[in-house]
Amino acid sequence: MSVQRTDAFSMADLVGRTGVPASTVHHYVRRGLLPPPARVTPKRFLYGPEHVEALVVIRNLRRRQRLSLARIAEVLPEILADRGDGSGTAGAHGADAQAATVAERILDVAIEAFGLHSYGEVSVADLCAGADVAKGTFYRHFDSKGQVFVRAAERVVLQSLARFREQLAEGPQPPDMQAAAAACAVALRPALPVLLELAKRAMLHEPTYVSEARDTFRLLVDEMGEILQPNEADNRRIAGMVVLDSVTQVFRGLVGGGGGRAPAGS
């Protein structure tokens with residue numbers, strides 16, 4: 001006889017507690033980073049505190065240590081086992097989830113702000129107002145505006161990768177280079193304002209942003225390579241070509257559509 005969990009919740013609740021998109025959760029489940037959810041009906045699944053805890057750890061490993069998903073898969077079981085040895089409490093898990101939600105809200109505002117304005121035009125006060133948090137709360141989660149900016153850039157990369165997977169799934173299988181570049185162009189377009197701002201600051205030789213830009217764009221190419229050609233030695237080079245082709249497509253569209261001709265009268 002099955003026993004109904006009393007601490008289970010829906011995907012919508014999991015997204016709300018962690019700020020991790022549903023598409024990313026599904027991807028982590030498929031890769032074995034998260035335990036399978038409990039199936040209630042053919043189309044309804046329930047998640048638990050263990051999913052929140054794992055997502056918090058994965059996010060920290062991605063952002064702070066810049067680990068790939070393959071490396072995270074190796075170290076995650078041991079980390080979770082250490083956290084589950086009795087030293088943690090349900091209250092601590094709840095605090096972690098609440099803190100993650102506040103940080104994600106600030107990042108949501110940052111992505112929108114840096115997508116519309118240059119780095120210099122956005123202040124910490126603007127981010128606090130948009131996220132409806134006090135400055136003290138902001139500085140409990142982030143050291144500076146610069147840290148929020150680079151985390152926002154990393155997050156738009158992860159969002160772009162989720163969109164890329166969705167776009168590929170709708171196209172021919174297996175995808176050819178042309179289809180992959182078209183899917184990448186759609187996936188990257190919303191992220192380009194933030195990523196171009198990061199690239200600009202790196203090209204101005206600001207030391208922090210040189211290394212951050214390198215790590216962020218490497219994350220994009222590494223993960224896209226795994227999506228296109230899992231476990232293939234050449235996948236990073238292929239992904240780099242796809243990204244360059246997709247960016248060209250986006251800019252070609254800005255100056256006259258697919259034929260590359262500038263609009264009349266411009």
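User: I'm new to this. What percentage of the 266 residues of the chain count as buried?

Analyst: Welcome! A good start is to ask what is covered and what is open. This is a predicted model, and in it 40% of the 266 residues count as buried. The chain exposes about 14300 Å², and carbon and sulfur atoms supply 55% of that area.

User: How many helices and strands does the chain have?

Analyst: For this, read the secondary structure from one end to the other. Here there are 12 helices and two strands. Along the sequence the pattern runs α-α-β-β-α-α-α-α-α-α-α-α-α-α.

User: Which residues have the most contacts inside the largest nonpolar core?

Analyst: Think of a core as buried nonpolar residues joined through their side chains. The largest one here has 48 residues, and I106, L127, F138, V148, F149 and M224 have the most contacts inside it. Helices α5, α6, α8, α9, α10, α11 and α12 each give two or more residues to this core, and α8 gives the most, with 10 residues. There is also another core, lying apart, with 21 residues that include Y28, L33, I58 and I72.

User: Which residues does L127 touch?

Analyst: To follow a single residue, leave out those up to four places away in sequence. On that basis, L127 touches V109, A110, A113, V122, F138, K145 and V148. You can step back to the whole chain too: among contacts between residues at least 6 apart in sequence, 62% join residues at least 24 apart.

User: Is C184 buried or exposed?

Analyst: Compare its relative accessible area with the cut-off: under 20% means buried. C184 is buried because its value is 0%. C128, at 5%, is buried as well. As for disulfides, the structure holds zero.

User: Why does F251 count as partly exposed?

Analyst: Partly exposed is the class between buried, under 20%, and exposed, over 50%. F251 has 38% relative accessibility, so it falls in that class. This residue is in helix α12, residues 235-254. Together with L196, L254 and V255, F251 makes a nonpolar surface patch of about 360 Å².

User: Where is R71, and how far is its C-alpha atom from that of L61?

Analyst: Position along the chain and distance in space are two separate readings. R71 is in helix α4, residues 69-83. R71 and L61 are 10 residues apart along the chain, and 9.5 Å separates their C-alpha atoms. R71 also counts as partly exposed, because its relative accessibility is 40%.

Terms used: Residues numbered from 1 in each chain as written. Predicted model: local features only at pLDDT ≥ 70, side-chain atom pairs only at ≥ 80, totals over all residues. Heavy atoms only, no water. Patch = residues over 30% accessible without salt bridge, like charges linked within 9 Å, V, L, I, M, F, W, Y side chains within 5 Å. Areas by Shrake-Rupley, 256 points an atom, 1.4 Å probe, with all protein chains shown as cover. Salt bridge = Lys/Arg side-chain N within 4 Å of Asp/Glu carboxyl O. Helix = DSSP H or I, 4+ residues; strand = E, 2+ residues; numbered from the N terminus. Buried < 20%, exposed > 50% of the residue type's maximum accessible area, 1.4 Å probe, protein only. Core = buried A, V, L, I, M, F, W, Y, C linked by side-chain atoms within 4.5 Å. Contact = heavy atoms within 4.5 Å. Disulfide = S-S within 2.5 Å.
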